[in-house]
Amino acid sequence: MLMAKNCPNVFLDLSFTQHYFPKEIIGNQLIFIINKLDKKVFFGSDFISYPYEENFLNQKAFYQARLSPKLMSSYFNDNLSEFTKNFE
């Protein structure tokens, strides 16, 4: 987290996190990270290990009750769009 916070070109992709750690254990930590690093963290699909649509819908359902609409948009869309601008 400290590297992402202090280095402009470091982002966190949370791929596989919710599959590797049970949501009951890591859920509050993920919410904390997304709140603290709003512009530096984004959704990772874990495709091919997990089907994209299933993973997206599961994560969206988990976060929807816990994040504001603005943070939802940042996490699932805006931050990755900003990150990929560096590669155009």
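Colleague: Let's start with F83: how does its relative accessibility make it count?
Modeller: Keep in mind that this is a predicted model. The relative accessibility of F83 is 21%. A residue is called buried under 20% and exposed over 50%. F83 falls between these cut-offs, so it counts as partly exposed.

Colleague: And F42, is that one buried or exposed?
Modeller: The relative accessibility of F42 is 7%. The cut-off for a buried residue is under 20%, so F42 counts as buried.

Colleague: How many aromatic pairs does the structure hold?
Modeller: Two rings pair if their centres lie within 6.5 Å. Counted that way, the aromatic pairs of the structure number 14.

Colleague: What kind of pair do the rings of F42 and F83 make?
Modeller: The ring centres of F42 and F83 are 5.4 Å apart, and their planes meet at 40°. Planes under 30 degrees apart would be stacked and over 60 edge-to-face. An angle of 40° fits neither, so the pair is tilted.

Colleague: How many residues apart in the chain are F42 and F83?
Modeller: F42 belongs to strand β2, residues 41-42. F83 belongs to helix α5, residues 69-84. The pair therefore links distant parts of the chain, and the separation is 41 residues.

Colleague: Y63 and Y75 also pair; what sort of pair is it?
Modeller: The centres of the Y63 and Y75 rings lie 5.0 Å apart, with the planes at 65°. Planes over 60 degrees apart pass the cut-off, so this pair is edge-to-face.

Colleague: Which helices does the pair of Y63 and Y75 link?
Modeller: The two residues are 12 residues apart and lie in distant parts of the chain. Y63 sits in a helix of residues 52-64, which is α4, while Y75 sits in α5. The linked helices are α4 and α5.

Colleague: What is the relative accessibility of Y63?
Modeller: Y63 is buried, as is its partner Y75. Among the contacts of Y63, leaving aside neighbours within four places in sequence, are L14, Q18, L30, I31 and I34. M72, Y75 and F76 are also in contact with Y63. Y63 counts as buried because its relative accessibility is 0%.

Colleague: Which residues form one aromatic cluster?
Modeller: Y63 and Y75, the edge-to-face pair, both take part in it. The full cluster is F43, Y52, F56, F62, Y63, Y75 and F76.

Colleague: Which residue of α5 is its kink centred on?
Modeller: The 16 residues of α5 should span 22 Å at 1.5 Å a residue, and the end C-alpha atoms are 22 Å apart, which agrees. There is nevertheless a kink of about 50° in α5. The kink is centred on Y75.

Colleague: What covers the buried residues of α5?
Modeller: The buried residues in α5 are L71, M72, S74, Y75, F76 and N79. Their cover includes α3 (23-36), β2 and α4.

Colleague: Which backbone oxygen does the side chain of T17 reach?
Modeller: T17 is found in helix α2, residues 17-20, and it is buried with a relative accessible area of 16%. Beyond its neighbours within four places in sequence, T17 is in contact with I26 and L30. At 3.0 Å, its side chain reaches the backbone oxygen of L14.

Colleague: Which residues does L37 touch, not counting those up to four places away in sequence?
Modeller: L37 lies in the loop between α3 and β2. L37 counts as buried because its relative accessibility is 4%. The residues touching L37 are M1, A4, K5 and L12.

Colleague: One last thing: over the face of which residue does K40 lie?
Modeller: A charge sits over a ring if it is within 6 Å of the ring centre and close enough to the ring normal, within 35 degrees. K40 lies at 4.7 Å from the ring centre, over the face of F11.

Definitions and conventions. Residues are numbered from 1 along each chain as its sequence is written. This is a predicted model: local features need pLDDT of at least 70, side-chain atom pairs count only at pLDDT 80 or more; totals for chains, interfaces and linings use all residues. Side-chain values use heavy atoms; hydrogens and water are left out. Rings of Phe, Tyr and Trp (its six-membered ring) pair if their centres lie within 6.5 Å; planes under 30 degrees apart count as stacked, over 60 as edge-to-face and the rest as tilted. Helices (H or I, at least four residues) and strands (E, at least two) are DSSP runs, numbered from the N terminus. Buried means under 20% relative accessible area, exposed over 50%, partly exposed in between (1.4 Å probe, protein chains only). A polar contact is a pair of N or O atoms within 3.5 Å; within protein, one must be able to donate a hydrogen and the other to accept it, and residues adjacent in sequence count only if both atoms are side-chain atoms. Contact means heavy atoms within 4.5 Å. The expected span of a helix is 1.5 Å times one less than its number of residues. The bend at a residue is the angle between axes fitted to the seven residues ending there and the seven starting there.
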